[in-house]
Amino acid sequence: MVAYRNEQEIADKLPLLAVRDVVIFTNMILPLSIGRDISIKAVEAALSASKQLIVVTQKDISQDNPGPDDLYKVGTVAQVTQQIRLPDGRLKILVQGLIKARVIKISSKELYLNASIEVIEEPPSPPESVELEALMRNVREKSQRIMSLREMLSDEIIGLLEGLDTPGHLADLVISNIQVKTAEAQRVLETIDPAERLAIVNDILSQELKVTLMQAKLDSEAREEMDRTQREFYLREQMRAIKKELGDDGSHDDETKEYRTRIKNARLPKIVATEAARQLARLEWMHSDAAEAAIIRSYLDWIVELPWSVTTRDRLDLREAKNVLDADHYNLEKVKDRILEYLAVMKLNRRQKGPIICFLGPPGVGKTSLGQSIARAMGRKFVRFSLGGLKDEAEIRGHRRTYIGALPGRIIQGLKTAGSNNPVFMLDEVDKIGSDFRGDPASALLEVLDPEQNAHFSDHYLNLPFDLSNVMFITTANFIDSIPQALEDRMEVIHLSGYTAEEKVAIARKHLLPRLIRDHGLKPGDLTVQDTAISQIISGYTEEAGLRGLDRKLAAICRKVARKVAEGQIRPSRISSGQLTKFLGPPEVLPEPERRADQSGVVTGLAWTESGGDIMYIEVRTMLGKGNLSLTGQLGDVMKESAQTVLAYIRAHTQELGLAADFFENLDIHIHVPAGSIPKEGPSAGVALLSALLSALIDRPTPKNLAMTGEITLRGQILAIGGLKEKALAALRARITKIIIPRQNQKDLAELPQTLKRQVEFLLVDNIRELLAIVFPDCQFQPARPFSQPSRPRLRPRPRPPRRRTQIQGQ
């Protein structure tokens, strides 16, 4: 005979699984751990067939090999939904109850128990009545109260209880989630009538509620017992009063005396001293073992150890400060002048507030080490704190003392480490701050980095104002765009561009090599590196604006020389450019291949990159087609728009450019920027795109020693760009002698090194006509004439507001 349950066939003979101390009900999902061999065989038999078995509870849980008389007669047909075999041979399965069944006969011919069963169908629910509804509400309320006392109640359980409207299902759900004796749960399982089953469950819940209330009472009494410490404190205070009357003055123990002395010697501000005295009074009347006593001790330790009135004396000798800066850093005259100006103002006005300076530049240009030199030049302590990846506002403002393990923020911690209230405080990577549900650290920094507000900076842990106006804050960043506008407005941004090859050689000779020779245990005469070798390392083994890669390569040479010295070689090592392959291997940086000749449709553009700058070739090819424009090379949206602008300008000026009015209808144009795996973005490639496209259309080559950068408009104007120094250095490395730049960038030429301006000629242009006169000097383009359009009133445009330009961040 075969029964059906929810469209599942249930055989009349199933493997029998005996379980201890648990009763499985219909629709109940429960994990079981199977360890007995006979039970494991039963589960394996079920898994090899329909995955169904009859789960029956043992009467005596101590029986390891229960027989038919040791098992209840009514169980539940269950479906094995998941199974995991553990390393010790046991099985862990997940079963779901399907339907009740009565065991008719048990046989053990196989290696497991096999049972003949009779399915027990659930009778229909009785008709609705007031008595039945009251009984169901009573069961819900009791079960919710029991679970609440046991801290098991959740919104999900409440919704589940309220959603059941049949007495049988409600009884099964409640009894399976309330810890009751096995015999009582089995009694509920064997009761077929739903109303009668619910009544039994109600009686069981009444008894369980009494037990649970008693447990809650015992827990409350235990908590009251924990207050014994406070009662002991009161008794000790009475004892202290009695001792005082007897002339034995014990009102101040050694710890209290020590804190009072430390507070007196700390020279605290009035408001801080008042709060410290108040907290000490609380500690004095508190038992030493109380939990809050440890919090107060930690708070007092922070108060007395902070440098509220400790100030280091500034070294205001400008000549000495300049010598320190020059000894530590090569060039960087703009930064040095700014520091010396600050010291000069401090010398004339001691009340001058500390500046907020941001060093902006690529990695490795010396931003962090420059902060250390500034502290040394001024005679101040130096503290550094990296903001990279910071997402918790409490790292800046601190945690409130109500939290376990609370600490002040990193600003206050840094001041404690420095031991003075006027250190040079460096906040590294200010452009890499994050934010999440814990707050926005960048917003917390607004108060720290505002000279008008930080005189009363309040940390959440201290909850007292600390004067940060004497601190000289210096931040560092690689990109200005990722810094919030409000935070950028509070800082004085100083740009640190990359170094030229000549500057890197001088820095390596004056700073890097002496330090590396000393750090590797070598003597000055053990190693000599020629300037040509350093230049070769810069061009062939590093590709950066800073000095980190160069420092690593020189360190590699020092290690190999140190090994030779350690092995007994006495002869000094003199490294030339021809020996670099022996020490560093083949060159690692392959520059853009140099253009061998003037070519049509090819123009050298300039790009700003994270490593300083680079050149990029823009290639254009025309072919017969239907007026399609293809752009390849992983170009960004802004660069694609520049290409569309270039094409629109050429099509609008075909007559003066000597092109047929319908040239685009029969041509397909393909613009490609090599190194297709590198994303490229920015508007400053407009002049290069225009020159390359026009060169391909009129079949005129462009000079190979000419590079260009600039943004164009539909009106033919050429707008300013950024990163001029980095782009010029890239052109110089590629042996390019002429660079076309917007005339608006003429002001930036003053900041370029003289060595760079001597080797590269900068050609300034205002519009496209001046550009074409340089790129195609032998072509005579006609003057531009306006289109024939209906006359419209001409409006005087507003002055163009200055705005920051996004630079090419590609190759």
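Axes are lines fitted to C-alpha atoms (for helices, over the stretch in contact), and angles run from 0 to 180 degrees between N-to-C directions. Helices (H or I, at least four residues) and strands (E, at least two) are DSSP runs, numbered from the N terminus. The model is predicted: local features need pLDDT of at least 70, side-chain atom pairs count only at pLDDT 80 or more, and totals for chains, interfaces and linings use all residues. Residues are numbered from 1 along each chain as its sequence is written, and side-chain values use heavy atoms, leaving out hydrogens and water.

**View A. Helix α18 packs against helix α19 at an angle of about 115°.**
Helix α18 covers residues 501–519, and helix α19 covers residues 531–540. The two axes lie 10 Å apart. On the α18 side, the residues that meet α19 are A501, K504, V505, A508, R509 and L513 (contact means heavy atoms within 4.5 Å). On the α19 side, their counterparts are D531, I534, S535 and I538.

**View B. H329 sits in the loop between α11 and α12.**
Helix α11 (318–328) comes before this loop, and helix α12 (333–348) comes after it. The relative accessible area of H329 is 8%, so H329 is buried (buried is under 20%, exposed over 50%, partly exposed in between; 1.4 Å probe, protein chains only). Leaving aside residues up to four places away in sequence, H329 touches K336, G366, S369, L370, S373 and H511. Two of these neighbours are also reached by polar pairs. The side chains of H329 and S369 form a polar contact of 3.1 Å. Such a contact is a pair of N or O atoms within 3.5 Å; within protein, one must be able to donate a hydrogen and the other to accept it, and residues adjacent in sequence count only if both atoms are side-chain atoms. The H329 side chain also reaches the backbone nitrogen of L370, at 3.4 Å. G414 is 85 residues from H329 in sequence, and their C-alpha atoms are 25 Å apart.

**View C. Five parallel strands form an open sheet in the order β10-β11-β14-β9-β15.**
The edges belong to β10 (382–386) and β15 (492–495). Each has a single partner strand, so one side of each is left without a neighbour in the sheet. The twist averages 20° from one strand to the next. Strands β10 and β11 (residues 424–428) run parallel and are joined by five bridges (two strands pair if DSSP finds at least two bridges between them). At this seam, V383 stands opposite F425 in β11. Helix α15 (residues 410–418) lies across β10 and β11. The helix runs at about 140° to β11.

**View D. S469 lies in the loop between β13 and β14.**
Strand β13 spans 465–466, and strand β14 spans 472–477. S469 counts as buried because its relative accessibility is 10%. The S469 side chain makes a polar contact of 2.6 Å with the side chain of D467.

**View E. Seven strands form an open, mixed sheet in the order β21-β22-β20-β19-β24-β27-β28.**
At the edges stand β21 and β28 (761–765). Each of these has a single partner strand, so one side of each is left without a neighbour in the sheet. Direction ignored, neighbouring strands of this sheet are turned by 30° against each other on average. Strand β20 (residues 614–624) pairs with strand β22 (residues 667–672) in the antiparallel sense, over six bridges. Here E619 stands opposite H672 in β22. Strand β21 (residues 629–632) runs parallel to β22, with four bridges between them. In that pairing, S630 has H670 as its bridge partner, and T632 has H672. Helix α22 (residues 637–652) lies across β20, β21 and β22, and runs at about 150° to β21.

**View F. N27 and K51 have positive phi angles.**
Most residues other than glycine have a negative phi. N27 is not a glycine, yet its phi is about 70°. N27 is placed in the loop between β3 (13–19) and β4 (29–34). Its relative accessibility is 44%, so N27 counts as partly exposed. K51 is not a glycine either, and its phi is about 65°. K51 is placed in the loop between α1 (37–48) and β5 (52–57). K51 counts as partly exposed because its relative accessibility is 39%.
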